[in-house]
Amino acid sequence: MEIIVQGTGKDTFVPDEAIFTIQFVVKGNSYDEVLQEGVDHVEWFIENIFLPNHFKREDLKTRSFVIKEDQKYNQETGQYVKDGYSFHQMASFTMDYDRKRIANLFVSISKMATPPKCIVHFGIKEEEACRKSLITKAYQDAYKQALAIALASGKTLKDCQKVDFNPFTTNYISPTRLDSENIYMERAGENTLQRIENTFTPEDIVLTETLYCLWVTI
């Protein structure tokens, strides 16, 4: 007798890392102007904020870099016309979850003359260990189901002959995030620092994985 069951593993994990995504934007009249100002803007951030907060230059990874010609709509002519250029550089870095350090970073960035957009997501460093835990729980769940079916049929459960699962697509990221758009509105200061450090806790990450198991009985 063959038994096919679907086992589900579910677990809750506490975020232990913060993933920063920063977008630098500079606008100007010419390509060369925005290129120079954009590079200077990023370099100022690295020298005056990133390095003093105990990061290394190589920790900041560039995700995208583009300079484009901007346009605006002319109401009189009904056409789009050139409106200078804009520099866009998106970069990211990851750090251990530390509320005080995160708060200090936001306060420092908010004091820049033109602060970049900054979003922080919260994840798990040891994704592979979490994945193994979920798969183990799913297999145990499948075994319990197969055993119950075998017993109800008057059979003895023997071996699991085959295991299938969908490719891992689980997002190991907390639903919670910090967004500079709200923090910068306050020109982040001591109140923001204290609020993040003392009261901010990202939501736990709840994950599920599924196995499809084929068991045989005797």
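Which helix lies across β1, β6 and β8? That is my starting point today. Keep in mind that this is a predicted model.

The answer is α3, residues 127-152. Helix α3 runs at about 140 degrees to β1. It has 26 residues. From the first C-alpha to the last, α3 reaches 38 Å, close to the 38 Å expected at 1.5 Å a residue. Just after α3 comes G154, with a positive phi of about 75 degrees.

Now look under the helix. The three strands there make an open sheet, in the order β1-β8-β6. The pairing is antiparallel. β1, residues 2-13, and β6, residues 157-164, are the edge strands, and each of them pairs on one side only. From one strand to the next, the twist averages 35 degrees.

Take one of those pairings in detail. Strand β8 covers residues 205-217, and β6 and β8 pair in the antiparallel sense over six bridges. If you want one bridge to find on screen, pick D159: its bridge partner in β8 is V216.

Back to α3. Which residues of this helix are buried? They are C130, R131, L134, A138, A142, A146 and A150. Read along that list with the helical repeat in mind. An α-helix has 3.6 residues a turn, so residues three or four places apart point the same way. And the cover? What lies over the buried residues of α3 includes β1, β6 and β8.

Next, the cores. The largest nonpolar core has 31 residues. Inside it, the residues with the most contacts are F20, F45, F93, I102 and V120. Five elements are worth marking on your view, since each gives two or more residues to this core: β2 (17-28), α1 (31-50), β4 (79-96), α2 (99-110) and β5 (117-123). Helix α1 gives the most, with six residues. There is also a second, separate core of 10 residues. Among its members are A138, L211, C213 and W215. We met A138 a moment ago, as one of the buried residues in α3.

Let me zoom in on F20. Leaving out residues up to four places away in sequence, F20 touches A91, S92, F93, M95, I102, L105, F106, C118, I119 and V120. F20 is buried, with a relative accessible area of 0%.

That brings us to the aromatics. The count comes to 14 aromatic pairs. Why is the pair F20 and F93 called stacked? The ring centres are 4.6 Å apart and the planes sit at 10 degrees, so the pair is stacked. Planes under 30 degrees apart count as stacked. F20 is in strand β2 and F93 is in strand β4, so this pair ties together parts that are 73 residues apart in sequence. F93 is buried too, at a relative accessible area of 2%.

A further stacked pair is F50 with F55. Here the rings are 4.6 Å centre to centre, with 10 degrees between the planes. F50 is buried at a relative accessible area of 0%. F55 is buried at 7%.

How do these rings fit together? F20, F24, F45, F50, F55, F93 and F106 form one aromatic cluster.

To recap. Helix α3 lies across β1, β6 and β8. The largest nonpolar core, with 31 residues, has F20 and F93 among the residues with the most contacts inside it. Those two Phe rings make a stacked pair.

Key: Residues are numbered from 1 along each chain as its sequence is written. This is a predicted model: local features need pLDDT of at least 70, side-chain atom pairs count only at pLDDT 80 or more; totals for chains, interfaces and linings use all residues. Side-chain values use heavy atoms; hydrogens and water are left out. Two strands pair if DSSP finds at least two bridges between them. Helices (H or I, at least four residues) and strands (E, at least two) are DSSP runs, numbered from the N terminus. Axes are lines fitted to C-alpha atoms, for helices over the stretch in contact, and angles run from 0 to 180 degrees between N-to-C directions. Contact means heavy atoms within 4.5 Å. The expected span of a helix is 1.5 Å times one less than its number of residues. Buried means under 20% relative accessible area, exposed over 50%, partly exposed in between (1.4 Å probe, protein chains only). A nonpolar core is a set of buried Ala, Val, Leu, Ile, Met, Phe, Trp, Tyr and Cys residues joined through side-chain atoms within 4.5 Å. Rings of Phe, Tyr and Trp (its six-membered ring) pair if their centres lie within 6.5 Å; planes under 30 degrees apart count as stacked, over 60 as edge-to-face and the rest as tilted.
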